[in-house]
Structure formats: structure tokens, C-alpha cells
Amino acid sequence: MHLSLYKYFLSCIMEKRMKNVKKHSAIALRYALKNICSLRLLHNIVRLCALIVMIVLTVCLVFASVAGQVKCFANIFNADYMVLNATDSCYQKTKTCQSAKAVWRAYMTQTDWGIVFSADDASVYADWFGMDELPSGNEIIVSLGIADTHNLKTGDTLHLKLNGIKYEFLVSQIISAPTGYLAINCKDMDISYNMLLVEGKDGISSTELLSDLSQTTASELAPIVEADTLLGRLIDAIQIYMDSGKILLLVFVIFSLIGMIDISYESLRVRREEFGLYRLTGMKRGDLRLMKIAELTVSVLFGLVIGLGAFVISAFAVNRGMSSRGMEVFVSILSLLR
């Protein structure tokens, strides 16, 4: 008795609405919106679609940021070779190398704060760090990520332990950069440089440059490495993790899409009686098919909008979390366009 009354009222409502709207697409869309607001299975499609969009975009954001970090490390030096543990004597001999176009003294070390570097020429460090010149005296230039992590501002005092000696620096500038770094002036602080950076002459192959460098510095027993090779292992390790993450992301997307298809099929299966009532009210088979397509389309669109909103929130959360490690997500991504 109750089911018959339900069918009667439903058929009256449907017939009345169909008379008021003449376009079949409008009828299908109206019913689709009504069903999306009331059916749990369609809610599940919206939620699953939103989850897929948020996770995929967030993971891609992290991948793009890591790619920017990798590019930063790969281009950190504007040099072909590095001579490690070089003394003043080695520096003088390296300058006489016939294949060398330029030789710079440089300093680089890893601390709890981040990468600390210096050079007798700021142009050595490419244009990556956005500096025209190194700081003077006991001044120090700090990247934005490190400044946020340690709550540093221009004019603050910073204590660093370098080569077993504790130094006091004054923050002179805070620069936005992909990775956490601190720039100092070794010469003014009387800190010994720990490497030489060598750029070869135009037309000279890397093999010729390496051979000449080896002969020139043979008595110094100073290791010579390619600038890219020094950081190659780090970059390769990062790349392995990125490739693994891409595989896991692909598996997640495949299984999520299978889940969406399964929910969509279940939605159609359990609503056969409802579709029969629509047919009793006068809805044509083509209109019913159009309504099903509209339901799925609108559900996916709702999911996309919700997922994009969740992604924006998660993106700022990820950036905040990585900033605590001295890295800037958005700056890293923008650096890929350079």
C-alpha cells in the first residue's frame, strides 16, 4: 500500500515537471542534480573523484618541487671541475694550467642549518641564488626557507660552527631560493677555502682539461672531480625515489578509477526499480540514458571542484612543511621555467 502511494506521488511529480520543461537535456539534468543530492552512491563517486584529484595534484606538486631541487644541485656551480682540499700552492699551480679559462677559490660545507658556501667571485654560483655579490665582513645571506625555520630577520645574529670553530654572523639579506643555503665571505672571515672551481677554455674537451689539471697538480695530491659528479649520487638517489613514487601514483590512479567504475555500476544496478518508475512516468529511454550520463558527469565535476579546493589547501600545507626543512616548494617549481 505504501509503495503504491509512493509510486503514485512520484509519477505525479515527474509528469508535472516534465510538462513544465520541454527540453530533454534540461529534464535529464534536473533529475540528475536531484539524484546527486540524495543518493549515497553518487556521493561516493564525488568523494572518490575529489580524493583522486587532490592526491594526484599534491604528489605532482611535490615531484615538481623535487625536480627543481635536482636542477638546483645540478647547476650549483658554474665550473667544469673541482679540485678538493686545495692549498694556496695548488691554487697557484692550477692558475697556470693551459686549458683552464678561469680558476676560483670556493668554500662549501653542509651544516645543520643548510649548505654554507662562499667564493672569491659570486658569479661562480651561476645565477641560481640570485646574488650579485657575496656579503662583506661578518654578514651572511640566508635563504627564505632557513629564515622561516629559525625565525630569522634582517639584522639578527646567527652563530655557525665551521671547521670546528664557532663564528658569529649578522643576517644582511634574506633571498628566496629553491633550497636552504647560507652565503658568507671566507676572505673577510679568515676562513680557508676548501676547493677550487675550474672552467675550461672554449674548444677544449673535458678530457683534455682533466689531463692538464692532473699534470699541473700532480705533486699536490689534490682530488679532481667533475662538478656534476660530486652531486651525482645525491641526484641519482632522489631520482630513484621519484621513479618509485610515480609507479605508486600510477597504481593508485588505476585502482581508484576501477573503484569509480564499480561504484557507478553498483549505482545503476541497485536503482533498477527507480529507473522503472521513471519509465512509468513517461520518460523515454533516451532521456533516461541522458540522465545517467548527466549524473556521472556532474558527480565528476563536483569531485574536480572539491578536489581542486582541497589541493590548494594541501599545497600550502606541503609548502609550509618543506619550508621547515629549508626548502621552498613554489620557488622550486618556478625555477624549472628558467
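Let's start with one contact: the side chain of Thr 94 comes within 2.7 Å of the backbone oxygen of Cys 90. That is a polar contact, meaning a pair of N or O atoms within 3.5 Å; within protein, one must be able to donate a hydrogen and the other to accept it, and residues adjacent in sequence count only if both atoms are side-chain atoms.

Before going on, a word on the source. This is a predicted model, where local features need pLDDT of at least 70, side-chain atom pairs count only at pLDDT 80 or more, and totals for chains, interfaces and linings use all residues. Residues are numbered from 1 along each chain as its sequence is written, and side-chain values use heavy atoms, with hydrogens and water left out.

Back to Thr 94. It sits in helix H4, residues 88-95. Helices (H or I, at least four residues) and strands (E, at least two) are DSSP runs, numbered from the N terminus. Is Thr 94 buried or exposed? Thr 94 is buried, at 0% relative accessible area. Buried means under 20%, exposed means over 50%, and partly exposed is in between, with a 1.4 Å probe and protein chains only. The areas themselves come from the Shrake-Rupley method with that 1.4 Å probe; for residues, only the protein chains shown count as cover.

Next, salt bridges. How many does a search of the whole structure find? One. A salt bridge here is a side-chain nitrogen of Lys or Arg within 4 Å of a carboxyl oxygen of Asp or Glu. The partners are Asp 120 and Arg 105, at 3.7 Å, N to O. They link distant parts of the chain, 15 residues apart: Arg 105 is in strand E2 (residues 100-110), and Asp 120 is in the loop between strand E3 (115-119) and strand E4 (139-143). Asp 120 is partly exposed, at 35%. Arg 105 is partly exposed too, at 26%.

Stay on strand E2. Met 108 is there. Met 108 is buried, at 17%. Its C-alpha lies 7.9 Å from that of Met 195, and the two are 87 residues apart along the chain.

Now helix H11, residues 285-323. This helix gives the largest share of a positive patch, three residues. The patch is on the surface, and its members are Arg 279, Arg 285, Arg 289 and Lys 292. Patches take residues with over 30% relative accessible area and no salt bridge; like charges are joined within 9 Å, and nonpolar side chains (Val, Leu, Ile, Met, Phe, Trp, Tyr) within 5 Å. Lys and Arg count as positive, Asp and Glu as negative; His and the chain ends are not counted. Each charge is placed at NZ of Lys, CZ of Arg, CG of Asp or CD of Glu. Arg 285 lies in H11. Arg 285 is exposed, at 54%.

Ala 310 lies in H11 as well. Ala 310 is partly exposed, at 24%. Ala 310 and Leu 51 are 259 residues apart in sequence, yet 8.6 Å apart in space, C-alpha to C-alpha.

There is a nonpolar surface patch, too. Its members are Ile 247, Leu 250, Val 251, Ile 254, Phe 255 and Ile 258, with about 600 Å² of accessible area together. Ile 258 belongs to helix H9, residues 232-269.

Last, backbone angles. Most residues other than glycine have a negative phi. Asn 163 is not a glycine, but its phi is positive, about 55°. Asn 163 is in the loop between strand E5 (157-162) and strand E6 (165-175). Asn 163 is exposed, at 56%. Asp 190, also not a glycine, has a positive phi of about 60°. Asp 190 is in the loop between helix H6 (186-189) and strand E8 (195-200). Asp 190 is exposed, at 69%.
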